[in-house]
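Please open the structure in your viewer and keep the selection tool at hand. The tour below goes from one selection to the next.

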Amino acid sequence: MRPALQRSVVLENRFARKFPELSISWAADEPPAPRLLVLNGRLARELGLDPEYLRSEKGIAVLTGAHPPDGATPVAQGYAGHQFGSYSPRLGDGRALLLGELRDADSRLRDLHLKGSGRTPFSRGGDGFGAVGPMLREYILSESMHALGIPTTLSLAVTATGHDVLRESRLPGAVLTRVASSHLRVGSFQYARALDDPELLQRLADEAIERHHPQAADTERPYLALFHAVVADQATLIAQWMLVGFVHGVMNTDNMTISGETIDYGPCAFIDAFDPAAVFSSIDAQGRYAYRNQPVMAEWNLARLAEAMLPLFDDDEDRAVELAMESLRTFRTRYSDAWSAGMFEKLGLPPATDVESQDQPAHDVVHATTDLLAAGAADYTSFFRALADVARGERESARALFADPAPFDDWADTWLALGPDAARMDRINPAYIPRNHLVEEALQAATGGDLEPLNRLLEAVSAPYDVRPGLERYAADAPTEFGPYVTFCGT
């Protein structure tokens, strides 16, 4: 039996205490008129916290960092990063603070973190604040990803601050309260390596092993085993992104976690009409982080992690590079296997547990699917959801997604001959995702003080596979007049 929900928040200061070299003690700006916009009651209970307490004045003071719990040591974390391929040796939390760590209801250690809480020594000229829209975007997207079963940081709350922030115009300010397995990043290791402190680098790796990959501790080369585990987790994560049509938008090395969780939902979006070259971020002018490039960019980021960790792999640098490359080369196979297995599931075909043992026609269908979607610019989510109807004998809803349905008919005939499982497809392919036009509708309304569209969208995406009456518009394609869609970081 779980203990009763707590009407207080008790935090540890583990990172601040263990890594003073990577943190600066700092305080959040106190908001003048805080008002809770949305609270994740499910997550609060998972953390062993009473949602009613968090809605109280004292609870909101914790959620905004205005009055951290006794014993907490809020810090701005330091890290480096390759941003769009260019190395920045000192980035860090420019508008964020790690309040501390807490034990959830299952005794797992979780970070409690703020975003948009004001300037820090890492702000680099920015104001450190967040606006209501971008903070709620992270809440919506992280809730959707969690409901889809994709590893992610989670949003506990978004609180309006009562003061405006200046972007293209004046916008109401807000703070996001985020929960993560940790905030250790590829950029954390890059920062530690840049400090030229082998003992610090080793301590950081030990922390990553203890918190995320304890099985590595018992191997002959624990730090190489840690790297291998991160490679495996990221290969699976990126495959999951690709399978649901998610585009992160800013896959810099400071935005890749050691835990394998999705983090930092800035200029992100889900694909509507399928386009492998889809880019939504206003700052990604060259398409570096386009949808189709995400696996390549993940591998590139992991190569930077390997560079940072080289001294831990072997005392002989040539041998260390050899071991790192051997491990890194597994990324492509792991990613390909995870993506293929996921596509077999989405198409209702028997699991592709052993790629070599699958029938060639099944492989041909799987790999022809994205070509079909790209050529027809069909809505990605609607296509896969409609396929279950096709498997049941009703083809028109899927055919209607294509201006010329003839190529679809040819593909569908081959696919149907493989005997897809319609019921299984209903459990794999979501009916509801945070469609871009609905996200923008919800954010604009919330910025103006109306939270009803936000709440309805959250209702839909929090149970993405369960079709419910009254939510038809949340499963519908984007209107023809919507787009091209552009997203912004919010800084």
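Two strands pair if DSSP finds at least two bridges between them, and strands (E, at least two residues) and helices (H or I, at least four) are DSSP runs, numbered from the N terminus. The model is a predicted one, in which local features need pLDDT of at least 70 and side-chain atom pairs count only at pLDDT 80 or more, while totals for chains, interfaces and linings use all residues. Residues are numbered from 1 along each chain as its sequence is written, and side-chain values use heavy atoms, with hydrogens and water left out.

Select strand β7, residues 109–115, where 7 of the 7 residues are buried (under 20% relative accessible area, 1.4 Å probe, protein chains only). Leu 109, Asp 111, His 113 and Lys 115 lie on one side of β7 and Arg 110, Leu 112 and Leu 114 on the other, so that both faces are covered. In a regular strand the side chains alternate between the two faces of the sheet.

Add strand β6, residues 96–103, which pairs with β7 in the antiparallel sense over 7 bridges; here Leu 97 stands opposite Leu 114. In the hairpin of these strands, with 5 residues between them, look for Ser 107, which takes a positive phi near 70°.

Next show strand β10, residues 170–180, which runs antiparallel to β7 and is joined to it by 5 bridges, with Leu 176 as the bridge partner of Lys 115.

Finally, select helices α12 (residues 360–376) and α13 (residues 380–391), whose axes come within 11 Å and cross at roughly 125°. Their contact (heavy atoms within 4.5 Å) is made by Thr 369, Leu 372 and Leu 373 of α12 and Tyr 380, Phe 383 and Phe 384 of α13.

Definitions and conventions. Axes fitted to C-alpha atoms, helices over the stretch in contact; angles between N-to-C directions. Buried < 20%, exposed > 50% of the residue type's maximum accessible area, 1.4 Å probe, protein only.
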